[in-house]
Amino acid sequence: MNIAIIIAGGSGKRMGQDIPKQFINVYDKPVLLYTLESFERHPQIDAIEVVCIDGWHDVLRAYARQFNITKLKWITSGGETGQESIRNGVFNLEGKADPDDLIVVHDGIRPLVDASVLTDVLVKAKEYGNAVTSMPYNEQIFLVNPEDETTTKQYIPRETLRRVSTPQAYRFDLLDEKYHEAFEKKIGIYGSSYTNTMMVELGVTLHFAAGSDRNIKLTTKDDLELFKAYLHLDKAAWLK
């Protein structure tokens, strides 16, 4: 079985709105529902769990009924941090998921996940036990000179870099084991840590899967406007 954990436990303060950004309406539909529809439509996703901010569980259930999200099986409360939210979602699947089930972790505020990206993540994870969405880095990266922060003398070859985001997929036994280990040892759970960075800190080799530049994360108002533009582009009949 392939289970998606959609992370929607944050308040989205950087968006500067009165409601969590995952529930902001775009063309009469909450952002989170665009995300859920992508997983609902994908034939290889069998069940969905949403890690949701407290106070919005009933709202989410109502939206799921309205937009016919039939694969939504569980709603779990988020934590104080992103890693706590993912942990809550993983631990909720104990006794529900089999060890070799694939668990896809995805940000609820990445509503433009392509079916081909999701498929490749699942294919790679089935083969290797994990897979992370990745893209090449196309800008030049220079290191700040510690002797003079207005200068640089060293760069990182961009061919050695990859941008990694969600969706990410892991066998459930690996995911569950490593979240227990991470929180017991206090490794890979602070700051901007995520499942992928935690795995690396715990010694796991990750495998790259395909990514897409469309797979934007809605953090600011400008991101929201870009999302709206993408939705209009998708309606253009000449695009292939």
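A residue is called buried here when its relative accessible area is under 20%, exposed when that value is over 50%, and partly exposed in between. By that cut-off F183, with a relative accessible area of 14%, is buried. The structure is a predicted model, and the paragraphs below go from its sheet to the helices that pack on it, then to the cores, and finally to some single residues and ring pairs.

The sheet is open and consists of 7 strands with mixed pairing, in the order β3-β2-β1-β4-β8-β5-β9. At its edges stand β3 (72-77) and β9 (208-209), each of which pairs on one side only. Strand β1, residues 2-8, runs parallel to strand β2, residues 47-52, and 6 bridges join the two; within this pairing I3 stands opposite A47 of β2. The antiparallel part of the sheet involves β8, which is joined to β4 by 4 bridges in the antiparallel sense, with V105 having Q168 of β8 as its bridge partner. Strand β8 also pairs with β5, again antiparallel, over 7 bridges, and there A131 stands opposite A169 of β8.

Two helices can be followed against this sheet. Helix α1, residues 31-41, lies across β1, β2 and β4 (102-107), and its direction is at about 175° to that of β1. Helix α4, residues 115-128, packs on the sheet by touching β1, β4, β5 (130-136), β8 (162-171) and β9, and makes an angle of about 135° with the direction of β5.

The geometry of α4 can be checked by simple arithmetic, where the expected span is 1.5 Å times one less than the number of residues. For the 14 residues of α4 this gives 20 Å, and because the C-alpha atoms at its ends are 20 Å apart, the two values agree. The buried residues of α4 are V117, L118, D120, V121, L122 and A125, and what covers them includes β1, α1, β4, β5, β8 and β9. After α4 comes G129, which has a positive phi, near 95°.

Turning to the interior, the largest nonpolar core has 29 residues, of which L36, F39, I48, V50 and L60 touch the most other members. Two or more residues of this core come from each of β1, α1, β2, α2 (57-66), β3, β4 and α4. The surroundings of I48 can be listed in more detail: setting aside residues up to four places away in sequence, I48 touches A4, I6, L36, F39, E40, I69, K71, L72, K73 and W74. There is also a second, separate core of 26 residues, which includes V51, V105, L174 and M198.

Two polar residues may be set side by side. R171 lies in strand β8, and because its relative accessible area is 31%, R171 counts as partly exposed. Apart from neighbours within four places in sequence, R171 is in contact with P99, D100, D101, L102 and G129, the last of these being the residue that follows α4. The C-alpha atoms of R171 and N92 are separated by 15 Å, with their positions 79 residues apart along the chain. N215, by contrast, is placed in the loop between β9 and α7 (221-234), and with a relative accessibility of 7% N215 counts as buried. When residues up to four places away in sequence are not counted, N215 touches H106, R110, L112, V113, S165, T166 and P167.

The structure also holds 5 aromatic pairs. In one of them, F23 and W56, the ring centres are 4.6 Å apart and the planes are at 20°, so the pair is stacked. This pair links distant parts of the chain, since F23 is in the loop between β1 and α1 and W56 in the loop between β2 and α2, 33 residues apart. F23 itself is buried, at 3% relative accessible area. Another pair is formed by Y179 and F183, whose ring centres are 6.4 Å apart and whose planes are at 25°, so this pair too is stacked.

Why might two residues at such a spacing face alike? An α-helix has 3.6 residues a turn, so residues three or four places apart point the same way. Y179 and F183 are both in helix α5, residues 172-185, at a separation of 4 residues, about one turn of the helix. Y179 is buried with a relative accessible area of 0%, and F183, at 14%, is buried as well.

Technical notes: Residues numbered from 1 in each chain as written. Predicted model: local features only at pLDDT ≥ 70, side-chain atom pairs only at ≥ 80, totals over all residues. Heavy atoms only, no water. Pairing = 2+ DSSP bridges. Contact = heavy atoms within 4.5 Å. Axes fitted to C-alpha atoms, helices over the stretch in contact; angles between N-to-C directions. Buried < 20%, exposed > 50% of the residue type's maximum accessible area, 1.4 Å probe, protein only. Core = buried A, V, L, I, M, F, W, Y, C linked by side-chain atoms within 4.5 Å. Phe/Tyr/Trp six-rings, centres within 6.5 Å; stacked < 30°, edge-to-face > 60°.
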